[in-house]
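Colleague: I'm new to reading models like this one, so could you take me slowly through one part of it?

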Amino acid sequence: SRTSNSIFLDPVSPSDQTIYVQVKSTLSEKFDGLKKLLSENLERSGWKVVNDVAKAHDMVQINVLQMGKAQSPGSAWSALSSGFGSDIATGALAGLAAGYMAGGSVGTGIGIGAAATGVSWIANELVEDKTYSMITDVQVSVRVKGDVKQISNADLSQGTQTQVHQSYAEKSHWMRYRTRIVSVADQVNLKFKDAVPKLQTQIAKEVSGIFS
């Protein structure tokens, strides 16, 4: 696993080690396993995971952008280059492995591919170096006593000739930090169902390490 930006947090007293965890996804799949792994890691580090954000001193929010097959480890690592919130090169990455979507295993996907491209496709798959990746955007928030001023700007197109510029300022009590984390599993004949827990474990380890 690699991160686009390092996040350094000041230590807090044990009484303040309360954290709210949120995991979302732009994919159709839910990632309850990732949230469970992350919560367990944080609790082992002395944090108390709370369900009420009003009771949390810290907050971590994860958005899963992609989990599936990649052309190579390099194509996955390239998603780090622009950092949090940037587009990813979807041409080199699959949202979820086709076999997993169809029947819960990459073996099912081989059957789909054989029908489409012939038996030689299977022969190549039997000895292929498989790479799977998981790409997440992570936002960490720390509650502070003072006010934090946040300004948001947006440019909106209206028709073909007009641009609308918007600006919005608000005060909050959260200092926010952002990073992108990419995890890669690469092995000959690696099955997607075997890669999934490895990928999620690595992401959970990277995120919980921010609070260690």
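Let's pick helix H1 (residues 32-44): at 1.5 Å a residue, what should its 13 residues span, and how far apart are its end C-alpha atoms?

Modeller: Sure, but first a word on what you're looking at. This is a predicted model, where local features need pLDDT of at least 70 and side-chain atom pairs count only at pLDDT 80 or more, while totals for chains, interfaces and linings use all residues. Residues are numbered from 1 along each chain as its sequence is written, and side-chain values use heavy atoms, leaving out hydrogens and water.

Now your helix. Helices are DSSP runs of H or I with at least four residues, strands are runs of E with at least two, and both are numbered from the N terminus. For H1 the span should be 18 Å, and the end C-alpha atoms sit 19 Å apart, which agrees. That expected span is 1.5 Å times one less than the number of residues.

Next, look at who hides. Leu34, Leu38, Ser39, Asn41 and Leu42 of H1 are buried, meaning under 20% relative accessible area with a 1.4 Å probe and protein chains only. They cover an arc of only 165° around the axis, so they lie on the same side of H1; the arc is taken from the directions from the helix axis to the C-beta atoms. An α-helix has 3.6 residues a turn, so residues three or four places apart point the same way.

What do those buried residues touch? They pack against strands E2 (18-25), E3 (48-50), E4 (58-69) and E5 (129-158), plus helix H6 (192-209), where contact means heavy atoms within 4.5 Å. On the face of H1 turned away from the buried side you'll find Asp32, Lys36 and Arg44, which are exposed, that is, over 50% relative accessible area.

Finally, just after H1, Gly46 takes a positive phi of about 100°.
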